[in-house]
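Trainee: Can we go through this model together? I would like to start at a chain position with an unusual backbone angle.

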Amino acid sequence: METNRFFSLLLIALTLTLSSCDIIGGIFKAGAWTGIIGLLLGVALVIWLVSKLFGGRR
């Protein structure tokens with residue numbers, strides 16, 4: 001149970017400290033393919049975190 005709480009707090013801390021404008025600006029400077037790959041990795045990370053927070057397979 002402590003691990004789930006840790007990941008929840010980490011996710012909240014990252015959400016509050018990252019500025020979306022800075023992230024989007026960096027993606028546009030890097031190029032379209034970098035943005036697409038970053039988006040796919042971000043979605044995969046969110047899906048993985050949600051599956052870990054809400055049980056998944058045990």
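Mentor: Start with G55, which has a positive phi of about 105° and comes just after α3. Helices here are DSSP runs of H or I with at least four residues, numbered from the N terminus. This is a predicted model, where local features need pLDDT of at least 70, side-chain atom pairs count only at pLDDT 80 or more, and totals for chains, interfaces and linings use all residues. Residues are numbered from 1 along each chain as its sequence is written, and side-chain values use heavy atoms, with hydrogens and water left out.

Trainee: How many helices and strands are there in the chain?

Mentor: Three helices and zero strands, in the pattern α-α-α along the sequence.

Trainee: Which element has the lowest mean pLDDT, and which the highest?

Mentor: Helix α2 (residues 20-30) has the lowest, 72, and α3 the highest, 86. pLDDT is the predictor's confidence in each residue, from 0 to 100. Where it is low, the predicted coordinates should not be read in detail.

Trainee: Back to α3. Which of its residues are buried?

Mentor: G35, L49 and L53. Buried means under 20% relative accessible area, exposed over 50%, and partly exposed in between, with a 1.4 Å probe and protein chains only.

Trainee: Where do they sit around the axis of α3?

Mentor: Seen down that axis, the buried residues fall within an arc of 60°, so they line one face of the helix. The arc is taken from the directions from the helix axis to the C-beta atoms. On the other side of α3, the exposed residues are W33, L40, L41 and I47.

Trainee: Is L41 well buried or exposed?

Mentor: Exposed, at a relative accessible area of 58%.

Note on methods
Helix = DSSP H or I, 4+ residues; strand = E, 2+ residues; numbered from the N terminus.
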